[in-house]
Amino acid sequence: MFINKLLLVAGEGSIPSIVYQNAREKKIEVIWVGFRFFHYNQHEEPHHLIDEFSINTLLQFMKTYQTNYLCLSGKFPRSCFFKKNLIHNDLKQFINQLSGYRDDQVLNAVFQELKQQGIQLVTPVEFLKGHLTPLGNLTHRVPNENEWDDIHYGLTIAKYLADNEIGQTLVLKRKAILAVEAAEGTNETIKRGALIGKGNIVVIKVARTRQNFFLDVPTIGIETIQTLGHHGGGIIAIEYGKTLLIERNEVVETANRLKVGVVGVSLSSP
């Protein structure tokens, strides 16, 4: 796909910045749009900040900068859908027509409208291929026999939860399920599980079987490692090839310092 100009719509986290830098390296002109209610690195803020989610505003940006290519990247918390002051009326009409607030339902409705307006969607994975999680142990701390048992046991459960739009993160210890991700996000799920497990827990992060990478890319970064390390430590098992491990060198260094184990696993042969 040849792209000379791209509208990058940024959610939370470090992914939008990486997409921006990698797109620029490919000689693509990037118009970077973010939201005032999200937190961004002050040294790498979007070019434009808007006050609410609005389809018409995005279309206006695309018209002004004369591009038909749009990339949605970063985390858009499900909780945003319940904060009415963050949703413009032009988007509320789509949400109100839906049978639920599942991520794929809401975002697919938005994307279908954008496509009808002639917009071509670009997956952020196009600019993140070097950040996909590799297979195997990545840190000094490796799973012991009990932790491998938990990983083997929990992977199928985690995949079921992800496929049914419940969440993509599972926390367990000695095959006891301690926490399941819902709308609160990975880090809060880890905190809840660690509170019960009292350290050395196992965290599993997977993608959906039919993950739509235009809508969402499951991601682990330094903050997740720090959360686990500061709440008793343990192992985090990440699905190989279908999740992103952002800033890998820094993640591994942080994990080693905090004695957290990071391992890339496959559902077919964990």
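Which backbone nitrogen does the side chain of E239 reach? Keep that in mind while you select the whole chain, remembering throughout that this is a predicted model.

**The whole chain**

Shown as a cartoon, the protein chain has eight helices and 13 strands. If you colour its 270 residues by burial, the buried ones make up 52%. Switching to a surface view, you are looking at about 13,100 Å² of exposed area, of which carbon and sulfur atoms supply 48%. The contacts are also worth a thought before you zoom in: among those between residues at least 6 apart in sequence, 71% join residues at least 24 apart.

**E239 and K159**

Select E239 next, which you will find in strand β11. With a relative accessible area of 6%, below the 20% limit, E239 is buried. Its side chain reaches the backbone nitrogen of A207 at 2.9 Å, which settles the opening question. Leaving aside neighbours within four places in sequence, E239 is in contact with T133, K159, K205, V206, A207 and V265.

From that list, move on to K159, which lies in helix α5. Is K159 buried or exposed? Its relative accessibility is 7%, so K159 counts as buried. A polar atom of the K159 side chain lies 2.8 Å from the backbone oxygen of A207, while the side chain of E239 reaches the backbone nitrogen of A207, so that with A207 on screen you can display both polar contacts together. Beyond neighbours within four places in sequence, the contacts of K159 are V206, A207, R208, T209, E239 and L267.**Along helix α5**

Now widen the selection to the helix that holds K159, α5, which runs over residues 145-163. Begin at its N-terminal end, where N144 acts as a cap, with a side-chain oxygen 3.1 Å from the backbone nitrogen of N146. Follow the helix along to G154, where a kink of about 35° is centred. How far apart are the end C-alpha atoms of α5? They are 28 Å apart, and this agrees with the 27 Å that its 19 residues should span at 1.5 Å a residue. Just after the helix, select E165, whose phi is positive at about 60°.

With α5 still displayed, show the side chains of its buried residues, which are E147, D150, I151, G154, L155, A158, K159, L161 and A162. As you turn the helix, it helps to recall that an α-helix has 3.6 residues a turn, so residues three or four places apart point the same way. To see what these buried residues pack against, add the strands β7 (169-173), β8 (176-180), β9 (201-205), β11 (234-239) and β13 (261-265). Strand β11 is where the tour met E239.

**A cluster of rings**

Leave the helix and select F35, F37, F38 and F53, which ring pairs link into a cluster. Across the structure the count of aromatic pairs comes to eight. One of them joins F37 and F38, whose ring centres are 4.9 Å apart and whose planes meet at 70°, so the pair is edge-to-face. The two residues can also be coloured by burial, since F37 is partly exposed, with a relative accessible area of 24%, whereas F38, at 6% relative accessibility, counts as buried.

From F38, go on to F53: the ring centres of F38 and F53 are 6.3 Å apart and the planes stand at 65°, which is over 60°, so this pair is edge-to-face. The F38 and F53 pair links distant parts of the chain, 15 residues apart, with F38 in the loop between β2 (29-35) and β3 (48-50) and F53 in the loop between β3 and α2 (55-65). Both F38 and F53 are buried.

**Two stops across the sequence**

The remaining stops are pairs of residues for which a C-alpha distance can be drawn in the viewer. Select E113, whose place is in helix α4 (residues 103-116). At 19% relative accessibility E113 is under the 20% limit, and therefore counts as buried. Draw a line from E113 to I55: the two are 58 residues apart in sequence, yet their C-alpha atoms are 8.4 Å apart in space.

Finally, select Q66, in the loop between α2 and β4 (69-73). Is Q66 buried or exposed? Its relative accessibility is 67%, over the 50% limit, so Q66 counts as exposed. Draw the last line from Q66 to L7, residues that are 59 apart along the chain and whose C-alpha atoms are separated by 9.7 Å.

Methods. Residues numbered from 1 in each chain as written. Predicted model: local features only at pLDDT ≥ 70, side-chain atom pairs only at ≥ 80, totals over all residues. Heavy atoms only, no water. Helix = DSSP H or I, 4+ residues; strand = E, 2+ residues; numbered from the N terminus. Buried < 20%, exposed > 50% of the residue type's maximum accessible area, 1.4 Å probe, protein only. Contact = heavy atoms within 4.5 Å. Areas by Shrake-Rupley, 256 points an atom, 1.4 Å probe, with all protein chains shown as cover. Phe/Tyr/Trp six-rings, centres within 6.5 Å; stacked < 30°, edge-to-face > 60°. Expected span 1.5 Å × (residues − 1). Bend = angle between axes of the 7 residues up to and from the residue. Polar contact = N/O pair within 3.5 Å; in protein donor to acceptor, adjacent residues only side chain to side chain.
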